[in-house]
Amino acid sequence: MLSQRVSGEQAAGPLPCEIAVDDMPVASGGHYKPGKAVTASVYRAKIAGHSRVVTVSWSRDLLSHAFAVTVTGADGASAECRVDLRPWQFWRRAGSRRVELSGGASAGTTVRVLWDLRRARWHGAAAGLPDPRGGYYVAVEAAGEVVLVLGDLRKAALRRAYPSAPPALAAVPVARREHVFGRRRFAAKARFHDQGAVHDVAIECGGDGEDVEMAIGIDGEEAVAVKHLQWKFRGNQSVTFGRAKVEVYWDVHDWLFAGAAGGARPALFIFRPIVLSSASAGASAPLLSGVDGAAGATGFCLYLYAWKLD
């Protein structure tokens with residue numbers, strides 16, 4: 001059962017996660033085209049002795065998949081590797097590519113991205129997730145260390161990257177970003193932790209004038225219900241299900257007040273998992289994997305961008 005606690009439904013202030021910047025899809029005539037699934041996972045990692053942000057993004061349209069690995073730093077360091085996977089280009093399903101960090105203290109450091117997607121198993125179109133669900137790896141290697149491995153073929157990735165060694169400190173998941181499209185109902189299969197179980201999330205918004213309402217459901221149960229949304233367009237609420245707890249934040253201002261331009265800006269929903277107690281950590285492990293047992297926020301956030309279609 002889901003239990004709820006309302007907490008400051010018009011609260012303003014900083015976003016709950018450290019990294020909130022997102023590369024929005026590009027508008028065409030003020031509107032966004034459906035059919036392209038986009039997601040990104042953000043990590044903190046040590047590269048050549050410096051803290052860096054590593055973002056792995058995936059996209060899918062009717063004809064192809066693509067992924068990109070971006071490395072950035074507060075000192076201006078940056079590098080990007082993008083790979084397009086078209087059905088007829090079989091040779092691109094496995095490979096490697098080198099890019100150099102530019103700017104910052106580690107300028108000139110070579111970052112190598114390795115991948116093998118030849119046996120990748122993809123989510124169905126209905127799931128709305130463009131990243132693979134298994135049978136693959138994507139690895140990032142720099143300065144003699146494999147700083148990040150994604151996918152279930154970790155051993156194969158480490159063998160291929162040899163003699164580079166795994167890092168002394170594992171990369172830390174920071175955020176996951178997903179985009180959904182709809183008119184009044186928005187559905188997504190989302191993870192509240194980067195390696196957690198997939199949950200069904202449904203957002204519904206309806207009504208007119210002074211009586212706009214919104215409901216957020218998780219795994220078929222109503223988690224958040226907001227009436228008079230025009231007065232509560234920003235807020236947050238705690239939701240507990242099983243022994244897992246999630247703080248839900250919403251900002252739907254542009255849906256309600258952006259006028260004709262509203263379709264060009266999404267509503268933002270943030271799901272932040274929280275550990276209830278050390279006793280519950282074991283039961284919450286599928287949701288909060290990799291999180292310390294002390295009570296409090298995990299430091300990881302799911303950002304869900306909901307785009308309204310005409």
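## Ground rules

Two strands count as paired if DSSP finds at least two bridges between them. Strands (E, at least two residues) and helices (H or I, at least four) are DSSP runs, numbered from the N terminus. This is a predicted model, in which local features need pLDDT of at least 70 and side-chain atom pairs count only at pLDDT 80 or more, while totals for chains, interfaces and linings use all residues. Residues are numbered from 1 along each chain as its sequence is written, and side-chain values use heavy atoms, with hydrogens and water left out.

## The sheet around β6

By that rule, β6 and β7 (residues 110-116) pair antiparallel over 7 bridges, with Ala 94 of β6 matched to Asp 116 in β7. They belong to an open antiparallel sheet of 4 strands, ordered β6-β7-β10-β11. β6 (94-100) and β11 (145-150) are its edge strands.

Helix α1 (residues 154-161) lies across β6, β7, β10 and β11, at about 150° to β11. Such angles run from 0 to 180 degrees between N-to-C directions of axes fitted to C-alpha atoms, for helices over the stretch in contact, where contact means heavy atoms within 4.5 Å.

## The sheet around β13

Here 4 strands form an open antiparallel sheet in the order β13-β14-β15-β16. β13 (185-191) and β16 (221-226) each have a single partner strand, so one side of each lacks a neighbour in the sheet. β13 joins β14 (residues 198-206) through 7 bridges, and Phe 186 sits opposite Ile 203 in β14.
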